[in-house]
Amino acid sequence: MRRIGLIDGNDVPVLGQGTWMMGERRGERQAETNALIAGIDLGLTLIDTAEMYGDGAAEELVGEAIKGRREEVFLVSKVLPNHASRTGTPAACEASLRRLGTDVIDLYLLHWRGSIPLAETVAAFEALKQAGKIRHWGVSNFDVADMEELLEIAPSGACTVNQVLYNPEYRGIEFDLLPWQAAQGIPVMAYSPLGQGGELLQAKPLVAIAARHDATPAQVVLAWALRHPALIAIPKASRKAHVEANARAAALQLTPEDLAAIDAAFPPPRRKRPLAMI
Ligand code: NAP
């Protein structure tokens, strides 16, 4: 699995595993845990979760999946904007640590920007880092203007990633945010890279490209996202077969013709678009 260097010299795999909607149905729990474990075995060792997902149920599921192999995993979790105050952030972090069954989160993100001043959240993140409760921090759903404001406040090199929506249907970040982050050395973490498993995966051009490579449309859109050197994608798969297919996507090389066909069906942005989010 290809890896990406973070600004502090650590590195992470370019493909990880999302967990939104996992841990919420008792009958699916074992299959979901097995899917996450299979992903870790295949090198998808970056796991993305959040206190919001299932009100903590996804973090508990992740805790179950990483039992006994915490050191193999790069754990990402998120604080809700209304918790992201000077005192609320450490309280939320402690609750996440408890659910995850660990004493440190590798990357702690502000889930989206809310009304608490950014400086307060940054101070809380820095204090958590000092206390050894988190190793890195970053943000999610920040557009260029938010990122510029953040970098005015944050210590140099402190913001490690920005996690945003990115798939062929939502390419707005290619116009400005993606090149801006590349210039700053801040990788983009692409969420919903499979368009949440919806109509995107039935799009005729993607089906045709997949057929040429003996692959699936899901693998094509993951390979498409990973053509950017500074991008990490975090597909969510609660089925083991999906996890295995996703892991294989990291080796799929799209041709210039494939990329042109995707551009024709899902045109790249020609002007600024407001950041889309789910
Ligand atoms: P996604 O990863 O684009 O799509 C997940 C869906 O695709 C599931 O229904 C899954 O099915 C299906 N799938 C997975 N692998 C497949 C394959 N190889 N072939 C066909 N279908 C496949 O959507 P997402 O969950 O919204 O996004 C991924 C992660 O990003 C989330 O889980 C979450 O961790 C994060 N996220 C963050 C934010 C944010 O605001 N920061 C917002 C949204 C998401 P099965 O589950 O049945 O396998």
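Here are a few questions and answers about the ligand and the pockets in this predicted model.

Q: Which pocket does the ligand sit in?
A: Let's begin with volumes. One pocket has a volume of about 710 Å³, and the second largest has about 220 Å³. The ligand sits in the largest pocket.

Q: Which residues come nearest to the ligand?
A: A residue counts as near if one of its heavy atoms lies within 4 Å of the ligand. The shell around the ligand has 11 nonpolar, 13 polar and four charged residues. Of these 28 residues, the nearest are Asp48, Leu194, Ser238, His242 and Asn246.

Q: How much of the ligand does the protein bury?
A: Start with its oxygen atoms: one is 2.9 Å from a polar backbone atom of tryptophan 20. A polar side-chain atom of serine 192 lies 2.8 Å from an oxygen atom of the ligand, and a backbone N or O atom of lysine 236 also lies 2.8 Å from a ligand oxygen. Taken alone, the ligand exposes 910 Å², and the protein buries 90% of that.

Q: Which helix gives the most to the lining of the largest pocket?
A: The lining has 32 residues, with Trp20, Ser192, Gln196, Pro235 and Lys236 nearest the pocket centre. Residues 240-249 form the helix that supplies the largest share of the ligand shell, three residues. The lining also takes three residues from its top contributor, helix 9.

Q: How many charged residues are in the lining of the second largest pocket?
A: Among the residues lining this pocket are Arg2, Val14, Arg227 and Gln253. By class, the lining has eight nonpolar residues and one polar residue. Arg counts as charged, and the number of charged residues here is two.

Note on methods:
Residues are numbered from 1 along each chain as its sequence is written. This is a predicted model: local features need pLDDT of at least 70, side-chain atom pairs count only at pLDDT 80 or more; totals for chains, interfaces and linings use all residues. Side-chain values use heavy atoms; hydrogens and water are left out. A polar contact is a pair of N or O atoms within 3.5 Å; within protein, one must be able to donate a hydrogen and the other to accept it, and residues adjacent in sequence count only if both atoms are side-chain atoms. Accessible areas come from the Shrake-Rupley method with a 1.4 Å probe; for residues, only the protein chains shown count as cover. On a 1 Å grid over the protein atoms alone, a cavity is a set of points where a 1.4 Å probe fits but cannot get out, and a pocket is an open set with protein on both sides within 12 Å along at least five of seven lines; lining residues have an atom within 4 Å of a point. A molecule sits in a cavity or pocket if more than half of its atoms lie within 2 Å of its grid points. Helices (H or I, at least four residues) and strands (E, at least two) are DSSP runs, numbered from the N terminus. Grid points are joined across faces, edges and corners, and a volume is the space filled by probe spheres set on the points.
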